[in-house]
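Notebook open, coffee poured. I'm jotting down what I look up as I go through this one.

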Amino acid sequence: MRPIDRLLVSIRHIRGRLVESILVVLATAVGVALVASMAAFIRSYDEQTEYLLSHPAYRELIVEAVGNETELDEPAVEYDPDTTSETALGYDDIQVALDNTTLVNYGYLADREELSTQLPGSGRFSGRGMGGGGTVAPSDLSKDPAAGAGEAGGELPFPPPGAFPPPIDGADIADDGTGRGDGTGSGGSNPFSAFREQREAAAAAGEELPEFNLDQFFQVDDDVLTELPLESFPGRRVSAEFFQAYGLDVAEGSEFTNEDLESGNQVIVLGSALTEALFPDGDAVGTRIRLNLQTYTVLGVLSPTTLTDTETGASYNDVAYVPNAAAQINFGGRVIRMGRPAGTLRFAVDDSANLDLATTELQVHFDAEFGDGSVRITAPLEELQAEREKLSQILSVVLFLAAAGLFIASINLFNLMLMRVIKRTKGIGITRALGATRNEVARQFLNESAFMSLTGAVIGFAVSPLVYRLLQSALIAEVSNVTVVNWLFLFVGALGAFLFSLIFGVYPARQAGRIDAALAIRSE
Amino acid sequence: MITLEGISKSYDLGSVQISALKGIDLTIDRGEFITVMGPSGSGKSTLLHILGILDTPDGGTYRLEDHDLMTLSDKELSRIRNQHFGFVFQSFNLFNEFNALENVMFPLMYAGIRGSERRERAQTLLSQLGLDHRLYHYPNMLSGGEQQRVAIARALANDPTLILADEPTGNLPSDKGEEILQILDGLNRDGVTVVMVTHDDVLGRRGSRCVRLRDGLVESDTGRAA
Ligand SMILES: Nc1ncnc2c1ncn2[C@@H]1O[C@H](COP(=O)(O)OP(=O)(O)OP(=O)(O)O)[C@@H](O)[C@H]1O
Ligand SMILES: [Mg+2]
């Protein structure tokens, strides 16, 4: 019998039992979709885990003063400068820690900060201040800038409360005359103190206080770009070793050094994609741009990297890097350098196998330096592993349920086919009388079950991307990397599920082939 | 054409053994019209199934032309059934999911004949049997006589040399039964060998030879007597 004839006969038999066939096909489709999407999902999940484990962020150790954990979303303790700055960790502590440990390869600062090209009031302006200051609304700034600048506890976007006014500890004030960096003011005059003098003079004379004009503070030189294609973009306030720890190289220009950082040079290094967005015409290096009310000189452009942010999933190519100003503030043309506090110190190892020992080393060092329990060291890797462990268990359960769904669907197919063999016993006898071999009878039934399996598999494969999305949002909504559907594994999963379901048609078909023709013809 | 020697068949029902055939010797020559008669349970259907190699005997030999059928494979036996034998049953046994034309095409399908040729051949057979206007009717839309004619067309699909009919008129009123018998007669005149089981004494005498069975044995055989 020709395969096409066999298929046509199959379709007629399936049509003759349409409702039960459709139900079994749909059940198979559900099973196939579940198994296929789980296969693709687990594959993506594994790939993501592999990627994350190789990510520099998970070779990091985060050191924070107890009571000053800026990494926490919601501080358990209200911020209180009197108590929390007791153990103030500073940029200078990094080098000391590196000198006193052997397994720690890198030490750096790396705080997130959104960099905005906009003036306050003219657009979104939010900054995560050095060491954990929150977002400051523009209204806070314009309320009474003089008070903010002159009095302790004033609210300005740049330093966190308590970190201002400097100097606190070992701070020095440097003129912005290094050539690399650039203050916002023009020349040596400080518009801020000018305004203050103006105000004091007016107050002394009993005149009306001069109106505060924001613009005078943000006057920039003519060559400074204030209009950029992006309103804002993610930034990192880092110290120089961050680039080494994250394996970021410059393609053009240069990275900044810790000397830049210490001198308070207002320089910036841009990710490759960000450079293309900001400077579509090229010539980024050497350009001066205004960001977060400060003027930065573009020092270098990084080579493209495949790294993505472990929290947001954003590419590191879209990020800009500026010297971590935990050590200084450039305000009104003056650089005010502070020894501490910096908030969060970061250390990293080249081989994450050393992470545990490096943690111990750091703990010993900081306990000796600041007293037992004064700093807390956390390893993001540990948290990741704990989270992944939990997710793996959930995935195992879901995979089991998916497999169970396919199994039940296949058993239904099995039962349906067995029932058909019994119901068609007499027909089998007649086909044998008409010249069908035992083998042909078996193939006919196998063809029917395979046709239903295949239809179910095709439907299941078609809807599996939807199931995949569903699983994704239900299972790891917080992990943003697993967004791309792995079509290969989706297909392989569907194929495997189809083959699995196919096996369940074999036994009924063989039973059909074994039926005794004479007995079958006598049956009713 | 066919030689049966000492054919026996028994059914094992656990406690009892039923001997349906107890040693049948029968020779069928080409062109004969044999009627098989006998009381209910005498083994007529069993004999017919063995003749049609749907069933295998427990003992004895079956020779078709020069072949010993006991030595052939399922594939070879199926091919013989398909190409040389045609079955007609009392209860018509058409496939209800398929129309008249498709029913007739089944043996042609097993023979591996292509769609268009198959259709043409089935159509010719059905019109020869006066069913031009019933090609696309499903079995449940046909009268008993029409169904049996479709069944005969199906049996004739591959130009068989032997027609095996088990009470083909049993479910039909006598006038329709007569119609069927005329068809078989006509086939026999064209050279097809016919073996027909019947209960009807009148029909039993219509053949060229009548074999009577009783308790699994040949009671009488007009062919031998003659
Ligand atoms: N599958 C079977 N299992 C057990 N006994 C069987 C089986 N098939 C037939 N028999 C028995 O074999 C004997 C012969 O049966 P068979 O059908 O050949 O008789 P028959 O002459 O065709 O009868 P009828 O005229 O009623 O059709 C009967 O006694 C019957 O009960
Ligand atoms: Mg009978």
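**A strand pair in chain A**

I began with S3(A), which is joined to strand S6 (residues 232-238) of chain A by 7 bridges, the two running antiparallel. A reminder to myself that I'm looking at a predicted model. I wanted one register point to hang the pairing on, so I looked up A:Ala110: its bridge partner in S6(A) is A:Val238.

Next I asked myself how many of the residues of S3(A) are buried. I get 5 of the 7 in residues 110-116, so the strand is largely enclosed by the rest of the structure. For the record, I count a residue as buried under 20% relative accessible area. I also noted the textbook point that side chains in a regular strand alternate between the two faces of the sheet.

**Around ligand 1**

Then I moved to the ligand. Which chains surround ligand 1? Residues from both A and B do, so I wrote the site down as shared between chains. The shell has 15 residues, and those that come nearest are A:Arg522, B:Ser40, B:Lys44, B:Ser45 and B:Thr46.

I sorted the shell by element too. Helix H17 (517-522) of chain A supplies at least two residues, and so do strand S1 (2-13) and helix H1 (44-51) of chain B. H1(B) has the largest share, with 3 residues.

I pulled some side-chain distances to oxygen atoms of ligand 1:

- B:Thr46 has a polar side-chain atom 2.5 Å from a ligand oxygen.
- B:Lys44 places a polar side-chain atom at 2.7 Å from a ligand oxygen.
- B:Ser45 has a side-chain N or O atom 2.8 Å from a ligand oxygen.

Coverage came next: on its own ligand 1 has 630 Å² of accessible area, and the protein covers 74% of that.

**A nonpolar patch on chain A**

Last, I went over the surface. I found a nonpolar patch made of A:Leu18, A:Val19, A:Ile22, A:Leu23, A:Leu26, A:Ile459, A:Val463 and A:Leu466, with about 710 Å² of accessible area together. Where do these residues come from? Helix H2 (18-54) and helix H14 (438-475) of chain A each supply at least two of them. The largest share is from H2(A), at 5 residues.

I picked A:Leu466 for a closer look, and it sits in helix H14 of chain A. Is A:Leu466 buried or exposed? Its relative accessible area is 60%, so I logged A:Leu466 as exposed, the cut-off for that being over 50%.

Key. Residues are numbered from 1 along each chain as its sequence is written. Chains are lettered from A and ligands numbered from 1 in the order in which they are written. This is a predicted model: local features need pLDDT of at least 70, side-chain atom pairs count only at pLDDT 80 or more; totals for chains, interfaces and linings use all residues. Side-chain values use heavy atoms; hydrogens and water are left out. Patches are made of residues with over 30% relative accessible area and no salt bridge: like charges are joined within 9 Å, nonpolar side chains (Val, Leu, Ile, Met, Phe, Trp, Tyr) within 5 Å. Accessible areas come from the Shrake-Rupley method with a 1.4 Å probe; for residues, only the protein chains shown count as cover. A salt bridge is a side-chain nitrogen of Lys or Arg within 4 Å of a carboxyl oxygen of Asp or Glu. Helices (H or I, at least four residues) and strands (E, at least two) are DSSP runs, numbered from the N terminus. Buried means under 20% relative accessible area, exposed over 50%, partly exposed in between (1.4 Å probe, protein chains only). Two strands pair if DSSP finds at least two bridges between them. A residue is near a molecule or strand if one of its heavy atoms lies within 4 Å of it. A polar contact is a pair of N or O atoms within 3.5 Å; within protein, one must be able to donate a hydrogen and the other to accept it, and residues adjacent in sequence count only if both atoms are side-chain atoms.
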